[in-house]
Structure formats: C-alpha cells, structure tokens
Amino acid sequence: MEEKEVKEVKDEEKVEVKENKKTKDAKEGSMARVWAFIKEEHKFENWLLFALALILLVLALYILLAGIGNAMGDEGTVNPFADAYFDISLSGWWIFNKPWKVILISSIIIVLSVASIVYCVWPVCVPSFKELKFVTWTDKKTLFVNSLTVVCFIAFLTALFFLFNLALAPLFNLMFGA
C-alpha cells in the first residue's frame with residue numbers, strides 16, 4: 001500500500017514538473033521565437049532600413065549645414081545656406097532654438113543613420129571578408145606589367161580620340177555652323 005502511495009506522489013510530482021516545464025517552455029519558446037524573428041534576416045526590411053537611413057542621413061546633413069550656417073554667421077550677417085534653403089531656427093521648435101542644439105541633434109541623427117547603414121550593409125560584407133582569405137595576390141613583376149599595359153592602352157585611346165577630334169572638328173563646325 002505504501003509503495004502505491006509513494007508511486008502516486010512521484011507521479012503527481014512528475015506531472016507537476018511537466019506542467020511547470022511546459023509553461024516555462026511556452027514562455028521561453030515565445031521569447032525564443034520573437035528573438036529568432038528579430039535575428040532572422042529579412043531582405044525587404046533591410047533594404048527599407050537602408051533607404052530610410054540614407055534619406056535620414058541627407059536630412060541630417062541638411063539640418064547640420066543650416067545649423068552651422070547659423071552658428072557661424074553673426075546676427076546681422078546673411079547666411080547664404082539658410083537664405084537659399086531654410087532657416088532651421090525659425091521653425092519654432094525648442095530643440096532648434098540654439099545653433100549648438102541643432103548641431104548636436106543633427107550629429108546624433110548622422111551617427112544613428114550611419115550605424116543603420118552599416119547594420120544593413122554588414123551581412124553583405126561578411127561573406128566578402130571570408131572570401132578575401134582565399135585571394136592570392138600576384139607578384140610585383142606581373143602587377144607592374146599589367147598596370148603598364150592598362151596605362152599604355154588608356155594613353156593610346158586618349159591619343160586616338162584627340163586625333164579624331166582634330167580631324168572631325170572642322171567637319172562638325174561646317175555642318176552645325178559653330
């Protein structure tokens with residue numbers, strides 16, 4: 001009789017442990033699925049982030065130029081960048097009321113956008129770094145000969161186009177009346 005009771009208690013403990021493990025696994029499983037989704041590479045999202053980071057970088061540089069233009073110019077002087085495009089200090093936002101704030105905020109935005117661009121480009125570069133280990137470089141003589149060949153070919157084409165220009169310029173002047 002006691003053996004049955006001990007067995008039942010052990011079975012109940014096993015069931016309880018299994019239930020606790022299931023709830024724990026469910027919680028960890030959902031977090032693991034979320035983390036796996038975050039770590040998974042989504043090409044569309046990477047391209048979208050890359051495009052938005054480039055736009056943000058251009059905007060931040062634009063704001064930075066306006067902020068530097070305002071910081072460099074005296075009160076009575078004309079800021080050609082702000083006059084030609086916009087004066088960020090006239091926006092009325094508290095964050096843009098001082099030139100140092102404009103420079104600070106735009107610098108932070110530039111750092112974030114560059115970090116986003118690096119984050120998007122990094123998965124493309126990692127295989128390239130691995131492939132660089134397998135690159136074999138040529139010796140100095142071969143490199144010199146190939147470089148000299150390219151330079152001579154470019155010089156030949158330059159001379160050829162120069163001669164064509166000398167020969168055909170009078171004809172074009174006659175045809176188009178320059």
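In the predicted model, helix H4 carries a set of buried residues: Lys101, Val102, Ser106, Ile110, Ser113, Ile117 and Cys120. An α-helix has 3.6 residues a turn, so residues three or four places apart point the same way. H4 covers residues 99–132 and is kinked. The kink is about 45° and lies at Trp122. The proline Pro123 comes shortly after that point.

Helix H5 runs from residue 140 to residue 176 and has 37 residues. Its length can be checked against the rise of 1.5 Å a residue. The expected span of H5 is 54 Å, because the rise is multiplied by one less than the number of residues. The end C-alpha atoms of H5 are 51 Å apart, which agrees. H5 also bends: a kink of about 40° lies at Leu168. Here too a proline is involved in the sequence, with Pro170 placed shortly after the kink. Gly177 follows H5. The phi of Gly177 is positive, near 65°.

The protein as a whole contains five helices and zero strands. Along the sequence the pattern reads α-α-α-α-α. The chain has 178 residues, of which 13% count as buried. Its exposed surface amounts to about 15400 Å². Carbon and sulfur atoms supply 71% of that area. Contacts were also sorted by sequence separation. Among those between residues at least 6 apart in sequence, 62% join residues at least 24 apart.

Methods: Residues are numbered from 1 along each chain as its sequence is written. This is a predicted model: local features need pLDDT of at least 70, side-chain atom pairs count only at pLDDT 80 or more; totals for chains, interfaces and linings use all residues. Side-chain values use heavy atoms; hydrogens and water are left out. Helices (H or I, at least four residues) and strands (E, at least two) are DSSP runs, numbered from the N terminus. The bend at a residue is the angle between axes fitted to the seven residues ending there and the seven starting there. Buried means under 20% relative accessible area, exposed over 50%, partly exposed in between (1.4 Å probe, protein chains only). Contact means heavy atoms within 4.5 Å. Accessible areas come from the Shrake-Rupley method with a 1.4 Å probe; for residues, only the protein chains shown count as cover.
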